[in-house]
Amino acid sequence: MIQVEEKYSYDDVLLIPSYADFLPGEASVKTRLAGDIWLNAPIISAAMDTVTEYQMAIALALEGGAGVIHRNLSPEEQAQQVGRVKRYLNWIISSPVVVQKGQTVADVEKIMTDTGVTGLPVLDGTILCGIITNRDMRFCSDLSQKVEDVMTTNLILERGTPTVETARDKFDKHRIEKLPVVDNGGHLTGLITVSDMEKHKNFPMAAIDDSGSLVVGAAVSPNDYMQRIPLLKAKGCNFVVLDTAHGNSLSVMQAIEGIKKNFDILVVGGNVSDGDGARRLIDAGSDAIKVGVGPGSICTTRIVAGIGVPQLSAVYESAEVAQKFDIPVIADGGIKYSGDITKAIAAGASCIMVGNLFAGLKEAPGKEVIFEGRIFKQYRGMGSIGAIKEGSGDRYQMKKDDEPVPEGIEGRVPFKGELKPYLNQLVTGLQKGMGYCGCRTIEQLRSYKKFVKISSAGLRESHAHDVNITQEAPNYSRY
Ligand code: RVP
């Protein structure tokens, strides 16, 4: 008798509600992406050439998620994009413009005019001894005066390694413009400015790393990681994603081992669809596991190759294994609604990766197209003919000059406007789900796992039914 296991997709199940002693808005969606990288929204954008370049990565990280820059770009271009994300939110300027004790006010004026910087730390060698600003110079008529006679010496500063919170407290309390950072010996190690601080204030949910810059990742392959990673690291890339369609394969394991041996960088391995694949990626050294073989909206792998595992079961089984090693799981592909995010996390994922849901946003790199009077954006699989021609064939184990045998399609999705309000719909939908399940944190939801299987009648009942929708909702549509 043929043995066939029953596995489930998001649409096959619902979560059973439970008692909650809090409101959905109080649920925390903070989650660990990999290693010591934490996100304030459990959503990352796919490494696809119609989804994630620097604009998407900046917009998403400012709201708490993270982008993975695709690799249909030369190594230099990809690293440059990472650099743009990292530079967007400065935190500590490590080599600020300075003046030396003994220089004159005229010297300071010239430096300020030349550089456009209006507040300069004053050094005695490398030791910080004061700060001179426009305000100090305003009533100074003798330009030959020495800087130490005019500078402010009563300094507010940070010692050691400041955090955004400690720095923000000092700016708020003392109403200063610049905050110098020194080591224990009093040597200047950096400078924090009020304008960078304001950016941090305007984006309180931003996903930032220890250096205060936005979290960003980049895709690499087993064939190009040696070339790409040094450039990516030089720009401060936080993690790389070994971006393959068949992660449970020798070349991927060898690549993960190679990355771990040669570089100090976090690596997400994938994609796999069961516990065996997850275990092998963990043994090879992955810091997080990406799960999803065939669920993507533009993916035809299951049809072309006849393989795959319905995504909810794939996530659940991979997470059962990964949880034992405290390795986070990313549920990649097949997310259609915010409710699917709740289901993916309740099956054990720490965060989810989306392509389709973000491809229609203004920040996505896909071209805008007008069709029958409405605006759409181009969205294509990285295994589609168009994407393969631009370099992504090795994701599908194709060689450069092979006749393309695609595992994805090229299409369009409706234009959706800016990321911020759209992401808010997704995250609030997830928080609603957490409220219904009585789970205050992502960790609690990850071990919830109270699913019921539903029939096609159950699915029909779940969707809007027996009515014509007259006003479309921002978080619901039926294709
Ligand atoms: P979705 O969000 O359902 O559109 O899925 C996006 C995911 O689909 C990607 O993160 C990737 O894992 C997968 N993908 C990308 N291209 C293709 C393909 O051409 N088959 N699949």
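**Close-ups of a ligand site**

**View A: Gly 333 in its loop.** With 23 C-beta neighbours inside 10 Å, Gly 333 counts as buried; buried here means 20 or more other C-beta atoms within 10 Å of the residue's own, exposed means 12 or fewer, partly exposed is in between, and C-beta atoms are placed from the backbone. What you're looking at is a predicted model, where local features need pLDDT of at least 70 and side-chain atom pairs count only at pLDDT 80 or more, while totals for chains, interfaces and linings use all residues. Residue numbers start from 1 along each chain, as its sequence is written. Gly 333 is found in the loop between β16 (329–332) and α13 (338–346). Helices (H or I, at least four residues) and strands (E, at least two) are DSSP runs, numbered from the N terminus. Leave out residues up to four places away in sequence, and Gly 333 touches Gly 292, Pro 295, Gly 296, Cys 299 and Gln 311. Contact means that the two C-beta atoms, placed from the backbone, lie within 7 Å.

**View B: what surrounds the ligand.** There are 23 residues around the ligand, and the closest are Gly 296, Gly 355, Gly 381, Gly 383 and Gly 408. A residue makes the list if its C-beta atom, placed from the backbone, lies within 6 Å of the molecule. Sorted by class, that shell holds eight nonpolar, 13 polar and two charged residues. The bookkeeping: Ala, Val, Leu, Ile, Met, Phe, Trp, Tyr, Cys and Pro are nonpolar, Asp, Glu, Lys and Arg are charged, and the others, Gly among them, are polar. An unreviewed UniProt entry places its "binding site" feature at positions including Ser 297, Asp 332, Gly 333, Gly 355, Gly 383 and Glu 407. UniProt positions follow the numbering used here, with shortened feature names, and such annotations may be inferred rather than shown by experiment.

**View C: Gly 355, one of the closest residues to the ligand.** Look for Gly 355 in the loop between β17 (351–354) and α14 (356–359). Gly 355 counts as buried because 27 other C-beta atoms lie within 10 Å. Past four places in sequence, Gly 355 touches Ala 46, Met 48, Val 51, Gly 296, Ser 297 and Ile 298. Gly 333 comes back into the frame here: Gly 333 and Gly 355 are 22 residues apart in sequence and 7.1 Å apart in space, C-alpha to C-alpha.

**View D: the annotated pair, Cys 299 and Arg 395.** The unreviewed UniProt entry lists both under "active site". They are spread over 97 residues of sequence yet cluster in space, with a largest C-alpha distance of 12.6 Å. Cys 299 sits in the loop between β15 (288–291) and α11 (301–305), and Arg 395 in the loop between α15 and β20 (410–414). Buried or exposed: which is Cys 299? Cys 299 counts as buried, because 24 C-beta neighbours fall inside 10 Å. Arg 395 is buried too, with 24 other C-beta atoms within 10 Å. Beyond four places in sequence, the contacts of Cys 299 include Gly 333, Gly 383 and Glu 407, while those of Arg 395 include Asp 243, Met 382 and Gly 383.

**View E: Gly 383, in touch with Cys 299 and Arg 395.** The loop between β19 (374–380) and α15 (385–389) holds Gly 383. Gly 383 is buried, with 25 other C-beta atoms within 10 Å. Again setting aside residues up to four places away in sequence, Gly 383 also touches Ala 245, Ile 388, Tyr 396, Pro 406, Glu 407 and Gly 408.

**View F: the hairpin of β18 and β19.** Strand β18 (residues 368–371) runs antiparallel to β19, joined by four bridges; strands pair if DSSP finds at least two bridges between them. Across the hairpin, Glu 368 has Lys 377 of β19 as its bridge partner. Two residues lie between the strands, and Glu 372 takes a positive phi near 50°.

**View G: helix α1 under cover.** Eight of the nine residues of α1 (residues 54–62) are buried, among them Tyr 54, Met 56 and Leu 60. The cover over those buried residues includes β4 (43–45), β5 (66–69), α2 (75–88), β12 (216–220), α14 and α16 (419–437). Just after the helix, Gly 64 takes a positive phi of about 110°.
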